[in-house]
Amino acid sequence: MVPEAQRIFTGLSLYFFPNSDANKVRKRRIEKAKEYGAVWTKVWSNNVTHVIVDNKMTYQEVTKFLKLDTLPPEIIVVNETYLFDCISYHNLLDPKARYYEVPGMPTSSTVVEVAKLLPSELSSLNSSLPLKPAKNDIQILDTPSASVESGDVHQGQNDPAQDNLLSPANGTPNEPENISFGYNDELSAIMKESQSLKHIPVDLEDEDDTASLANSESDSDDDSKGNPSTKPKKSWQENFQCMDKHDGANTDANPNSETIEILQQMSEFYDRIRDQWRTLAYRKAIASLKKQSQRVIFQEDAVKLPFVGHRIAAKIEEIALTRGLRRLDNAKLDPHDQVLQMFMKIYGVGISQASQWVQQGYRTLKDLEKSAKLSTNQKIGIAHYDDLQLRIPRAEVEHHGAVVRDALRQMDPEFQVTVGGSYRRGALSSGDVDLIITRPGADARSLNISAIGTLVPKLESAGFLVAALAKTSKDTGSKWHGCSKLPTSDVWRRIDLLLVPWDEMGAALIYFTGNDIFNRSIRLLASKKGMRLNQRGLFKDVMRGPGRVKVTDGILLEGRNEKRIFEILGVPWRPPEHRIC
Ligand code: DCP
Ligand code: MG
């Protein structure tokens with residue numbers, strides 16, 4: 001058996017279908033499951049937790065064999081791929097993801113049924129069902145949520161998120177996780193899929209979006225991984241991978257086998273969603289990595305390999321480092337890991353900077369302050385470390401928003417300030433204050449002049465903005481990241497001012513409301529439908545060349561109206577508080 005800490009199947013009683021190990025492949029699967037802690041139940045009983053069905057079998061064959069109309073709802077039924085994926089990802093994945101479905105299985109209509117129940121009926125259901133009464137789901141679906149067109153958006157009391165969600169009594173201090181909210185549409189299917197893969201560093205940012213922070217004027221975003229590719233030019237023979245001899249079957253012996261395994265999963269993921277460019281990009285990168293005799297850990301080394309651009313190189317580093325660290329058994333008990341976690345919570349510090357410090361022997365924040373070479377932002381992050389770890393109560397988030405709104409309205413009463421991020425999703429506390437700022441008719445340039453040029457100095461001298469951390473100014477809008485504090489408190493909070501041109505407000509609201517998995521899902525949905533969604537708008541007919549390089553921006557379908565974007569995508573509107581994956 002694998003070491004105890006890795007036994008992800010502990011407590012599971014598996015019933016295979018067919019439930020015999022006469023077949024060699026199934027036998028191996030059963031053995032593998034047992035190695036990871038599962039019990040193989042040879043005779044059908046109440047103890048069975050999971051039924052693992054061979055890929056060619058149907059749900060009806062299972063029930064017929066067991067002489068049951070349907071399997072009890074608490075028993076999880078998945079196809080044979082499930083166990084393998086869980087082992088690969090070192091995690092119990094969401095069994096409801098579409099690709100673990102057994103043919104003929106009753107659909108997830110139970111979710112819809114739940115939405116129809118009365119609150120009184122709900123209470124008798126399993127506690128893992130919605131924390132929020134289903135009735136609210138229905139009401140909210142019909143409630144026009146504030147949008148740009150309706151004037152000022154989400155100012156505290158008017159925020160529908162405020163009173164309909166998450167009573168603290170349920171013991172969850174913040175947002176609930178993984179709740180279906182009664183939707184049963186294309187988007188919810190993708191959300192489930194994304195949710196089960198959320199620990200995998202797949203990102204769907206467009207090139208132009210992710211570049212923004214890397215180009216930032218910040219002096220400290222050390223982990224922004226924005227190094228331009230320094231890939232040397234190769235002859236066409238070198239670039240033509242099939243000319244090179246390599247033994248793809250020998251992955252286990254490869255020093256990069258773990259990284260390859262995850263990249264493989266990502267390539268399969270993209271394949272499943274028919275994103276052929278990314279599938280190809282990952283396949284090429286995998287082929288390249290398979291040929292390496294050394295372990296590739298850092299982005300700057302990875303990017304030098306043929307067919308590895310800096311985005312995949314960044315993934316390779318992330319996978320190599322996190323997997324490597326996770327492999328240290330009982331990561332939580334490992335003091336280095338705890339130090340690492342602590343360092344990673346410093347503003348602007350990611351895994352590569354944090355692990356570098358650990359390797360250099362630093363163990364405390366004091367060590368860093370005393371002897372490490374620190375950027376200005378890191379110094380701020382360390383000096384205000386405790387403050388910046390604290391969640392910000394909802395009322396205080398609102399208060400920070402009001403200070404900025406008042407200051408802007410003194411300059412021009414037409415300014416609109418929407419508190420976005422987790423606040424807009426209804427969370428009772430937030431990690432930072434995300435303020436989305438716009439003005440009817442305004443473009444990026446005018447917002448930049450008025451909001452950043454005038455507002456920031458004004459709020460700095462008022463003592464509200466206490467540190468400037470990063471700034472990006474682009475044709476498509478600007479961001480200002482810093483810290484703020486209320487006059488009545490000494491606690492510094494992280495605040496982001498997001499300047500959004502009027503015409504892009506709908507798309508920006510989607511992006512800055514999140515959550516990130518939701519964003520990933522809705523972008524996937526757009527891409528499946530041949531469209532492209534980014535923080536500026538929903539586009540069609542985007543032309544891409546080799547390597548997914550964007551040739552044209554495509555035709556803008558909608559940018560201004562958040563609801564219209566959902567409409568064009570063909571899915572029901574989801575109020576912000578239902579965008580939690
Ligand atoms: N976002 C995203 N992908 C990222 C980072 C952010 O899609 N990698 C979007 C979705 C987020 C929003 O931006 O909801 C704001 O980012 P935050 O990091 O502030 O996240 P939240 O506001 O959701 O959570 P928190 O309470 O931690 O601030
Ligand atoms: Mg936030």
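These legends describe close-up views of one predicted model.

Local features are given where pLDDT is at least 70, side-chain atom pairs count only at pLDDT 80 or more, and totals for chains, interfaces and linings use all residues. Residues are numbered from 1 along each chain as its sequence is written, chains are lettered from A and ligands numbered from 1 in the order written, and side-chain values use heavy atoms, with hydrogens and water left out.

**View 1. Two aspartates hold the magnesium ion (ligand 2).**
The protein donors are Asp432 (OD) and Asp434 (OD). They lie 2.0 to 2.1 Å from the ion. Donors are N, O and S atoms within 2.8 Å of the metal (3.2 Å for Na, K and Ca); water is not among the atoms, so sites may look incomplete. Both Asp432 and Asp434 are buried. Buried means under 20% relative accessible area, exposed means over 50%, and partly exposed lies in between (1.4 Å probe, protein chains only).

**View 2. Strand S8 is covered on both faces.**
S8 spans residues 433-438, and six of its six residues are buried. Helices (H or I, at least four residues) and strands (E, at least two) are DSSP runs, numbered from the N terminus. In a regular strand the side chains alternate between the two faces of the sheet. One side of S8 carries Val433, Leu435 and Ile437. The other side carries Asp434, Ile436 and Thr438. Asp434 is also a donor to the magnesium ion.

**View 3. S8 pairs with S6 and with S11.**
Two strands pair if DSSP finds at least two bridges between them. Strand S6 (residues 416-419) runs antiparallel to S8, joined by four bridges. Here Val419 has Leu435 as its bridge partner in S8. Strand S11 (residues 493-499) runs parallel to S8, joined by five bridges. Here Val433 stands opposite Ile495 of S11.

**View 4. Arg28 forms salt bridges with Glu31 and Glu35.**
A salt bridge is a side-chain nitrogen of Lys or Arg within 4 Å of a carboxyl oxygen of Asp or Glu. For Glu31 and Arg28, the closest N and O atoms are 3.2 Å apart. These two residues are three apart in helix H1 (residues 24-35), so about one helical turn separates them. For Arg28 and Glu35, the closest N and O atoms are 3.8 Å apart. Arg28 is partly exposed at 39% relative accessible area. Glu31 is partly exposed at 34%. Glu35 is partly exposed at 25%.

**View 5. A salt bridge joins Glu567 and Arg564.**
Their closest N and O atoms are 2.8 Å apart. Both residues lie in helix H25 (residues 562-569), three residues apart, or about one turn. Glu567 is exposed, with a relative accessible area of 52%. Arg564 is partly exposed, at 36%.

**View 6. Five residues share a network of salt bridges.**
The linked residues are Arg26, Arg29, Asp54, Lys56 and Glu80. A search of the whole structure finds 17 salt bridges.

**View 7. Helices H23 and H24 help to line the largest cavity.**
A cavity is a set of points, on a 1 Å grid over the protein atoms alone, where a 1.4 Å probe fits but cannot get out; lining residues have an atom within 4 Å of a point. A search of the whole structure finds one cavity of 30 Å³ or more. The largest cavity holds about 30 Å³ of space. A volume is the space filled by probe spheres set on the points, which are joined across faces, edges and corners. The lining residues are Ala507, Ile510, Tyr511, Asn519, Ile522, Arg523, Leu533 and Asn534. H23 (505-513) and H24 (516-528) each supply at least two of them. By class, five are nonpolar, two polar and one charged. Ala, Val, Leu, Ile, Met, Phe, Trp, Tyr, Cys and Pro count as nonpolar, Asp, Glu, Lys and Arg as charged, and the others, Gly among them, as polar.

**View 8. Two peptide bonds are cis: Phe17 to Pro18 and Gly514 to Asn515.**
Most residues other than glycine have a negative phi, and most peptide bonds are trans. For Phe17 and Pro18, omega is about -5°. Pro18 lies in the loop between strand S1 (13-17) and H1. For Gly514 and Asn515, omega is about 0°. Asn515 sits in the loop between H23 and H24.

**View 9. Lys67 and Phe307 have positive phi.**
Lys67 is not a glycine, yet its phi is about 60°. Lys67 lies in the loop between helix H2 (59-66) and strand S4 (76-79). Lys67 is exposed, at 74% relative accessibility. Phe307 has a phi of about 65°. Phe307 is in the loop between helix H13 (299-302) and helix H14 (310-327). Phe307 is partly exposed, at 21% relative accessible area.

Definitions and conventions: On a 1 Å grid over the protein atoms alone, a cavity is a set of points where a 1.4 Å probe fits but cannot get out, and a pocket is an open set with protein on both sides within 12 Å along at least five of seven lines; lining residues have an atom within 4 Å of a point.
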